Amino acid sequence: MALREILTVPNPVLKQASKPVETVDDELRALMDDMLETMYAAPGIGLAAIQVGVPKRVIVMDLARPEEDKQPRYFVNPEILWRSDDTAPYEEGCLSVPEYYDEVERPARVKLRYLNYQGEQVEEDAEGLFAVCIQHEMDHLDGVLFIDHLSRLKREQAIKKVKKQAKAA
Ligand code: K1U
Ligand code: ZN
C-alpha cells in the first residue's frame, strides 16, 4: 500500500467527471487500499479517487469513531436511486479544501446502489453522516466540490485561503 498525494483547489483535475469502472479487479483493489491509507493518514472520513488524480468512479469511507474498530467501506460506480424531499444541514469539510468548513444542505436520506470491494452489487439506505458523506463524495465523481454549493463570494474566499496556505508551506 502507498500514500498518494491529495489534490487541492484550484487544481483543474478536481473539476473533471470520473468514468465508470468496468471490472473490480486486483488493480482496482490496490487503488482502493492506497486511497484508504491516504484517507486515514490525512485524516478524513471519505475520499474519492479523483482527489488522488484518478478519474474513476470509486470512493472509500470510514465513519467509525476514534474509540471504535475501523469500518472501511468501498463504493464502486455508486448511484443514487432515491433522495428524500426533506433536507438537513451539515458543516462539511474537504481534504481538497483544507481547513475550510461551511454548512451545506442536502437530502437527509438517500437509497444507494454500488459495487463493493468484491465487486458484488449492494443496495443500501443512508442517513445521518453516511448520507452527507456519500453525497459529498459522489459530487466529487461529477467534478463538484462542496464549495460549489456555497455563494460565489464564499467559494472564492475558500480558494484564496487554500492558495495562501500552499504558498506559505
Ligand atoms: O475530502 C473529502 O471528501 C473527505 C471529507 C469528507 C466529508 C467530511 C464532512 C462532511 C462531508 C464529507 C473529510 O473527511 S474532511 C475531514 C473530516 O471531516 C474529519 C477529519 C478527521 C476526523 C473527523 C472528520
Ligand atoms: Zn471532499
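**View 1. Ligand 1 and the residues around it.** In this predicted model, a backbone N or O atom of Leu95 sits 2.7 Å from an oxygen atom of ligand 1. Ile45 does something similar through its own backbone, with an N or O atom 2.8 Å from a ligand 1 oxygen. His140 joins in with its side chain: one of its polar atoms is 3.4 Å from an oxygen atom of ligand 1. Altogether, 14 residues surround this ligand, and the closest are Ile45, Gly46, Gln51, Leu95 and Glu137.

**View 2. The zinc ion, ligand 2.** Now for the metal. Which protein atoms act as donors to the zinc ion? They are the SG of Cys94 and the NE2 atoms of His136 and His140, lying 2.1 to 2.3 Å from the zinc. Along the chain, the donors follow the spacing C-x41-H-x3-H. Cys94 comes from the loop between strand E4 (87-92) and strand E5 (102-107), while His136 belongs to helix H2 (residues 128-141), so this pair links parts of the chain that are 42 residues apart. Cys94 is buried, with a relative accessible area of 9%, and His136 is buried as well, at 7%. Why is the arrangement called tetrahedral? Because the four donor atoms around the zinc ion subtend angles of 89 to 131°, and the cut-off for tetrahedral asks that all angles lie between 85 and 135 degrees.

**View 3. The largest nonpolar core.** Look here for a cluster of 18 residues, in which Leu28, Met32, Met35, Leu47, Val58 and Val60 touch the most other members. Helix H1, strand E2 (58-61) and strand E3 (73-83) each give two or more residues to this core. H1 supplies the largest share, with six residues. Zoom in on Met32 and you'll find it touching Val24, Val58, Val60, Tyr74, Val76 and Tyr117, leaving out residues up to four places away in sequence. There is also a second, separate core of 16 residues, and Met61, Leu112, Phe130 and Ala131 are among them. In soluble globular proteins, nonpolar side chains tend to be buried together.

**View 4. Val9 and Pro10, ahead of helix H1.** Val9 is found in the segment before H1, and so is Pro10. The peptide bond joining these two is cis, with omega about 5°. Is Val9 buried or exposed? It counts as buried, at 6% relative accessibility. Setting aside neighbours within four places in sequence, Val9 is in contact with Leu14, Ser96, Val97, Leu145, Ile147, Ile159 and Val162. Pro98 is 89 residues away from Val9 along the chain, yet their C-alpha atoms are separated by 9.0 Å.

**View 5. Ser18 and its contacts.** Ser18 lies in the segment before helix H1 (26-41). With 6% relative accessibility, Ser18 counts as buried. Beyond residues up to four places away in sequence, Ser18 touches Ile50, Pro55, Lys56, Arg57 and Leu141.

**View 6. A few backbone details.** Another cis peptide bond runs from Ala42 to Pro43, with omega near -5°. Pro43 sits in the loop between H1 and strand E1 (46-48). Where is Asn77 found? Its place is in strand E3, and its phi is near 50°, a positive value in a residue other than glycine. Glu99 has a positive phi too, near 65°. Glu99 lies in the loop between E4 and E5 and is exposed, with a relative accessible area of 56%.

Terms used. Residues numbered from 1 in each chain as written. Chains lettered and ligands numbered in written order. Predicted model: local features only at pLDDT ≥ 70, side-chain atom pairs only at ≥ 80, totals over all residues. Heavy atoms only, no water. Donors = N, O, S within 2.8 Å, 3.2 Å for Na, K, Ca; no water. Tetrahedral: all angles 85-135°; square planar, octahedral: opposite > 155°, others 65-115°. Helix = DSSP H or I, 4+ residues; strand = E, 2+ residues; numbered from the N terminus. Buried < 20%, exposed > 50% of the residue type's maximum accessible area, 1.4 Å probe, protein only. Contact = heavy atoms within 4.5 Å. Core = buried A, V, L, I, M, F, W, Y, C linked by side-chain atoms within 4.5 Å. Near = heavy atom within 4 Å. Polar contact = N/O pair within 3.5 Å; in protein donor to acceptor, adjacent residues only side chain to side chain.
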